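Visitor: I'd love a close look at one part of this protein, the packing of its inside. Could you pick a good starting residue and walk me outward from there?

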Amino acid sequence: MLLLALTGISSTLSFYGDSITFQPAHKQKDGTYKVTFHHRQNGRSSCQDMPLYTCESEVCTSFVESSVLQTDQDDTGQGRWCQSEMHATATVLKNQTSFSLNQSGCCWGSNVDGKTKWTSEAELDLGSRSDSHALNSCPLTTTVSSLRVPQNCFSPIHILAHDPDGDHVRCRFSSDAAAPANFTLDESKCVLSTKGEVDVGVHVFELMLEDFSRKNITLTYADGTSVFREGSDMNSPPLCKVKLQFSMEILPPLSSCEHGRVQPMFLSKTPSHGDVLHATVGQKFKLHAQAKATEASINDFQVSGPQNMTKEFKAGEQGTAELILSWTPQHSDLYRIVPVCFTAETNQSQSDMRCVVVLVTQAALIQGTATVTCSPNKMTVALDKSSMPGIDVNFLQLIDSSCSLTSNGTHIMGDKGDFLVFANEILSYELPSEVIIRRKAVKIEISCQFPKTVSISSYYNLQKSDYIFTESNFGSFGYTFEIYNDNNFTSKVEASNYPVEVRLLDTIYMGIQAESELPSVTLFVESCKATPNTNAENVLSYDLVKNGCLKDETVVVYPSNQNTYNFEVQAFKFSGNYEQVYITCSVILCEPGTPYSRCAQGCLSDPSRRRRRSLVKETFSHSITQGPFRFIGHADPIAAMDQNLAVVKKSPAMDLRKMGIEEILSANTSTFVFASAFFVSMVMLVGVVVYFKRKRNEEDCKVLLNSSYDN
């Protein structure tokens with residue numbers, strides 16, 4: 001089946017990309033299929049024009065198309081973007097096995113790739129799945145109208161690829177369009193990256209998203225025929241395919257690529273990419289997002305969303321801005337799954353693109369009162385029976401039989417443990433011997449989502465790095481990684497002081513504490529290393545602790561209890577144009593008294609001596625991050641010289657090339673002169689030091705300090 005675009009579209013219409021999303025299709029009583037799709041199209045200053053569709057009579061018995069509505073535009077008046085949406089519903093004859101869309105036109109907006117003709121397409125298989133007994137649901141995707149990335153600050157772009165059936169989704173460059181030069185696509189994760197420098201200007205992307213069942217299924221069609229699809233067979237025909245088209249402007253380089261400065265950075269209030277949110281028919285749905293840029297002004301948020309979604313922009317303090325999206329789903333939106341994407345905008349750049357999925361459901365006919373408590377190792381839900389009259393508690397069960405369900409005089413309670421993210425349902429059931437029933441059917445979905453293993457140190461307004469993990473032998477446990485004001489390790493650095501500003505040679509006090517449901521555990525810090533950003537795998541790094549051994553001679557570990565690790569280190573910075581340092585530590589928990597655990601082994605000069613984890617009771621190694629430390633001002637030159645001399649005396653053979661860092665204690669030529677003199681003659685060295693300390697003037701101090709920073 002083919003839907004053809006109407007002719008007569010202006011060839012001068014500038015095209016900047018589009019997306020197609022299907023609502024769950026279903027088979028009607030007369031055997032025909034009802035298929036509804038939404039089409040979003042990107043533009044710049046005007047988005048009122050959009051190509052229309054029609055359906056051939058041998059394919060459809062009816063085809064109803066809505067008017068085109070503009071859903072977003074640049075509120076600054078600069079005409080940088082806009083987006084519009086329409087939807088259409090087709091009643092497809094029952095002899096059809098698939099539903100296809102195909103539309104083409106001219107021309108793409110001006111681009112460095114030289115693309116002119118564009119083609120939109122999608123295809124949905126109309127076979128009923130044996131696993132769900134329903135028609136297949138297509139992958140959901142979209143983008144904002146205008147993606148903008150500085151040439152020197154390209155970060156991987158995560159494309160939304162949500163499949164309602166939980167199928168594998170493959171993202172690939174469209175076979176009829178070559179990929180722009182130096183761009184790569186991770187087909188399994190749908191992540192767009194670069195493999196070299198990309199040209200400044202507008203680039204055009206045409207991606208195809210296809211879904212494949214994870215398990216063996218059979219597709220059955222209206223004419224009685226069926227086909228078998230092997231699970232995860234990516235060589236078989238896809239169950240659905242949708243084409244996503246968008247443009248991206250590569251901007252001139254920025255002076256700094258640090259997120260949160262010129263490039264806006266989303267804060268913790270913002271939903272994570274890929275989150276599934278819920279909306280109810282007839283009730284207002286709200287989405288809140290917050291971003292920050294300390295060296296640029298956030299003037300708007302770009303949004304890709306449904307018709308009638310409103311956008312509210314609020315400028316905050318200290319470079320923050322807030323987005324509030326509001327939308328009231330109508331009855332026609334029931335069971336619709338809506339992709340929503342957004343970016344924070346400045347004149348110079350934009351944030352990373354965040355996309356979520358909004359699932360529209362029907363309001364419950366019986367409104368009950370319930371409370372859900374999510375604790376580190378279990379979920380507890382309590383339902384107020386008085387708010388749900390007619391419920392028979394004797395015929396309720398949890399869908400997961402390993403969970404308990406109890407009832408007292410006023411509440412029904414259920415719980416389950418040992419999951420980081422888990423969900424359950426309270427269901428009514430029938431006895432096998434029952435022919436008829438007069439009880440009300442019950443289906444109550446409950447869920448808890450605990451924080452995944454994430455570092456929150458990159459958010460300036462959060463100073464406490466909290467990490468929560470769950471393992472079968474240890475239950476739930478967590479770590480805190482703090483920065484302290486002194487070596488008492490009681491006064492934490494306040495949130496308002498992040499990023500923490502330090503001078504070179506300042507002493508930094510940090511502490512790691514483990515918390516566990518077990519009564520006694522031992523904390524072991526296997527490694528700590530510094531990087532110039534939050535990427536712990538950055539090739540530019542410097543070891544403070546490695547394999548349990550201290551590697552930096554300024555690290556001092558303070559005595560503490562078995563679940564605390566307090567230490568100090570002198571401030572340093574990386575060579576080059578890096579003004580920040582993050583510290584990432586790898587930590588392990590062990591059961592006390594286990595002689596061959598990693599905790600008991602301590603420092604290992606030969607890592608191959610480490611015993612297999614399966615033989616002992618210990619957790620996996622987990623990474624936790626703290627920072628950033630930002631360097632300001634200058635260190636005291638007198639103290640710097642004294643420290644230089646002390647370090648040279650202590651370790652004259654320091655390998656600065658391996659360190660790869662710019663420390664004031666290894667940066668000036670005078671230091672090496674004195675170090676050499678020390679080995680020639682101790683007496684001469686002392687004489688030079690005394691003379692230098694008494695006679696040097698302000699000019700000498702400035703030279704020393706500048707040399708430290710320049711190197």
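**Around one methionine**

Guide: Gladly! In this predicted model, M248 touches L147, V149, F154, I157, F183, L192, G201, V202, H203 and F205, leaving aside residues up to four places away in sequence. If you display those side chains together with M248, you have our starting point.

Now widen the view. M248 belongs to the largest nonpolar core, a group of 53 residues. It is listed there with F22, V35, F99, L192 and F246 as the residues with the most contacts inside the core. Strand β20, residues 240-251, supplies the largest share, six residues. Where does this core lie with respect to domain 1 and domain 2? Domain 1 (12-249) and domain 2 (254-365) both give residues to the core, so it lies between them. Apart from it there is another core, of 38 residues, with F477, Y498, A530 and V555 among its members.

Back to our methionine and its aromatic company. F154, F183 and F205, which M248 touches, are linked with F246 into a cluster by ring pairs. F246, like M248, is among the residues with the most contacts inside the core.

Some of these contacts also lead you into a small sheet. Three strands, in the order β13-β16-β15, form an open sheet with antiparallel pairing. β13 (157-158) and β15 (183-186) are the edge strands, each pairing on one side only. I157, one of the residues M248 touches, is in β13, and F183, another of its contacts, is in β15. L192, also touched by M248, is in β16, residues 191-194. β13 and β16 pair in the antiparallel sense over two bridges, and H158 has V191 of β16 as its bridge partner. In general, strands of a sheet pair through backbone hydrogen bonds, either parallel or antiparallel.

A polar residue is worth a stop too: S349, in the loop between β27 (337-345) and β28 (354-361). Is S349 buried or exposed? With 0% relative accessibility, S349 counts as buried. Its contacts, again not counting residues up to four places away in sequence, are R148, P150, L251, L254, Q263 and A344.

From here, let's follow the aromatic rings. A search of the whole structure finds 16 aromatic pairs. One of them joins F15 and W108 edge-to-face, with 4.9 Å centre to centre and 80° between the planes. This pair links distant parts of the chain: F15 is in the loop between β1 (3-5) and β2 (17-22), whereas W108 is in the loop between β9 (98-106) and β10 (117-125), 93 residues apart. F15 and W108 are both buried. A further edge-to-face pair is formed by F572 and F574, at 6.3 Å centre to centre and 75° between the planes. F572 counts as buried because its relative accessibility is 4%, and F574 counts as buried at 0%. Rings can meet charges as well: the charged end of R44 sits over the ring of Y16, 3.9 Å from its centre.

While you are in the loop between β9 and β10, look at C107, which is placed there. C106 and C107 are joined by a cis peptide bond, with omega about 20°. Another cis peptide bond joins G627 and P628, with omega about 5°, and P628 lies in strand β47, residues 622-631. As background, most peptide bonds are trans, and most residues other than glycine have a negative phi.

To finish, return to A530, a member of the core of 38 residues. A530 has Y542 in β41 as its bridge partner. Strands β40 (522-531) and β41 (542-546) pair in the antiparallel sense over three bridges. β41 is in turn joined to β42 (549-550) by two bridges, and these strands run antiparallel. V545 stands opposite L550 in β42. The hairpin of β41 and β42 has two residues between the strands, and N547 takes a positive phi near 55° there. N547 is partly exposed, with a relative accessible area of 22%.

One figure for the whole protein chain rounds off the tour: of its 711 residues, 49% count as buried.

Notes: Residues numbered from 1 in each chain as written. Predicted model: local features only at pLDDT ≥ 70, side-chain atom pairs only at ≥ 80, totals over all residues. Heavy atoms only, no water. Core = buried A, V, L, I, M, F, W, Y, C linked by side-chain atoms within 4.5 Å. Buried < 20%, exposed > 50% of the residue type's maximum accessible area, 1.4 Å probe, protein only. Helix = DSSP H or I, 4+ residues; strand = E, 2+ residues; numbered from the N terminus. Domains from an automatic or database assignment. Contact = heavy atoms within 4.5 Å. Phe/Tyr/Trp six-rings, centres within 6.5 Å; stacked < 30°, edge-to-face > 60°. Lys NZ or Arg CZ within 6 Å of the ring centre and 35° of its normal. Pairing = 2+ DSSP bridges.
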